[in-house]
Amino acid sequence: DKYAILKIPGLVDIQYWAGLSGAPIIDDNGLLAGMLIRGPEKEPFVTAVPIEKIIWFLDVIIKNEDNIQPKS
């Protein structure tokens with residue numbers, strides 16, 4: 001419900017995933033499904049945030065924009 005985990009033996013290799021944090025994850029219909037946030041360090045898995053969580057977070061930021069005061 002919070003994160004999607006991709007764990008497929010032989011597919012997840014740090015050489016292929018390193019440096020891809022923030023990359024979009026596209027579904028079979030070509031729509032944005034989420035964003036890669038963490039590649040493997042010592043474990044063979046990739047962590048992603050589903051688009052629903054990203055939209056929720058952006059909504060919170062937008063709704064609270066008026067309450068954020070710039071630091072002087």
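Let's start with the overall build: the chain folds into two helices and four strands. Keep in mind as you look around that this is a predicted model. If you trace the chain from the N terminus, the elements come in the order β-α-β-β-β-α.

Now for the chain as a whole. It has 72 residues, and 18% of them are buried. The accessible surface adds up to about 6100 Å², and carbon and sulfur atoms supply 59% of that. What about links between distant parts of the sequence? Take the contacts in the chain with a separation of 6 or more: 36% of them join residues 24 or more positions apart.

With that picture in mind, let's zoom in on one residue, S21. You'll find S21 in the loop that runs between α1 (14-17) and β2 (24-26). Is S21 buried or exposed? Its relative accessible area is 52%, and since the cut-off for exposed is over 50%, S21 counts as exposed.

Being exposed doesn't leave S21 without partners, though. Which residues does S21 touch, once you set aside its neighbours within four places in sequence? The answer is L36, I37 and R38. Look at R38 for a moment: R38 and S21 are 17 residues apart in sequence, yet their C-alpha atoms are 5.8 Å apart in space.

I37 deserves a glance too. Its backbone oxygen lies 3.3 Å from a polar atom in the side chain of S21. So, on the cut-off of 3.5 Å for a pair of N or O atoms, this pair is within range for a polar contact.

How values were computed: Residues numbered from 1 in each chain as written. Predicted model: local features only at pLDDT ≥ 70, side-chain atom pairs only at ≥ 80, totals over all residues. Heavy atoms only, no water. Buried < 20%, exposed > 50% of the residue type's maximum accessible area, 1.4 Å probe, protein only. Contact = heavy atoms within 4.5 Å. Polar contact = N/O pair within 3.5 Å; in protein donor to acceptor, adjacent residues only side chain to side chain. Areas by Shrake-Rupley, 256 points an atom, 1.4 Å probe, with all protein chains shown as cover.
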